[in-house]
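User: Please take a close look at one part of this model, the place where two helices pack against each other. I would like a connected account of how they meet, and then of whatever else can be said about the surroundings.

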Amino acid sequence: MLQKAFYSFVKIAVLFLLGLNVRRKDLLPSKGPAIIVANHNSHLDTMVLMALMPLSRLKDIKPVAAADYFFSSPRKAWLSEHVLGIIPVERTSADKSVDPLEGCYEALAQDRVLILFPEGSRGEPEQMTDLKKGVSYLAERFPDAPVVPVFTHGLGKALPKGSFMLVPFFCDIFVGEPITWPGNRTQFMESLKERFSQLSSEKNFATWE
């Protein structure tokens, strides 16, 4: 209930404060198992992607984020779990016997849709950094789950890293064709990198209607 109310508000805010143009929205999966992977420049990234989903499916859409940030205090942990619906991932766990992606495996086994950012942390607006290999392990474990790449343009300027003030800005969301598991992690990561490069190049030709 809290999650639906929060993202209903986000939908309204996105509609009135951001000029949001979504290309190929129909490629976004609302049913799982599936994985959405996006570039990461702003805290808006997760909220906007969640706001694009049907409200009736929110309980099955699970963002993946760093436990050391979003679960660093009891208050943050409660908000992250019950309002944002985040699955925590331990980036620097001392216990090597625990797979940090276990929560993601469980969610995919329950036919959830994951939203994750393979760069690992927020970077400069529209400038992608190297992709982490974690998503390839998820794709390998669930080869039938489509991996849908999304490139966002403008969200890093609408709410830059370190800022808490939303700046009205024209933003584009480019949704790419799903990537299927090719049987090899290196090949998978190369395909994902190439797909992001293609989506990034679209922003140079984006026009507002």
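**Two helices and their crossing**

Analyst: The crossing of H5 and H6 is right-handed, and, since this is a predicted model, that description applies to computed coordinates. Two packed helices are described by the angle between their axes and the distance between the axes. Here the axes of helix H5, residues 102-109, and helix H6, residues 134-141, cross at roughly 35° and come within 11 Å. The residues that meet are Cys104, Tyr105 and Leu108 on the H5 side, and Tyr137, Leu138 and Arg141 on the H6 side.

Elsewhere in the chain, Pro88 offers a second point of detail, with its place in strand E4, residues 87-89. Pro88 is called partly exposed because its relative accessible area is 36%, a value that lies between the limits of 20% and 50%. Once neighbours within four places in sequence are left aside, Pro88 is in contact with Ala65, Ala67, Phe71 and Pro100. For one of these partners, Pro100, which is twelve residues away from Pro88 along the chain, the separation of the C-alpha atoms is 8.6 Å.

A further feature is found on the surface, where Ile12, Leu15, Phe16 and Leu17 form a nonpolar patch whose accessible area together is about 450 Å². Phe16, one of the residues in this patch, lies in helix H1, which covers residues 2-17. Phe16 counts as exposed because its relative accessible area is 65%, the cut-off for that word being over 50%.

Definitions and conventions
Residues are numbered from 1 along each chain as its sequence is written. This is a predicted model: local features need pLDDT of at least 70, side-chain atom pairs count only at pLDDT 80 or more; totals for chains, interfaces and linings use all residues. Side-chain values use heavy atoms; hydrogens and water are left out. Patches are made of residues with over 30% relative accessible area and no salt bridge: like charges are joined within 9 Å, nonpolar side chains (Val, Leu, Ile, Met, Phe, Trp, Tyr) within 5 Å. Accessible areas come from the Shrake-Rupley method with a 1.4 Å probe; for residues, only the protein chains shown count as cover. A salt bridge is a side-chain nitrogen of Lys or Arg within 4 Å of a carboxyl oxygen of Asp or Glu. Helices (H or I, at least four residues) and strands (E, at least two) are DSSP runs, numbered from the N terminus. Buried means under 20% relative accessible area, exposed over 50%, partly exposed in between (1.4 Å probe, protein chains only). Axes are lines fitted to C-alpha atoms, for helices over the stretch in contact, and angles run from 0 to 180 degrees between N-to-C directions. A crossing is left-handed if the near helix is turned anticlockwise from the far one by less than a right angle, and right-handed if clockwise. Contact means heavy atoms within 4.5 Å.
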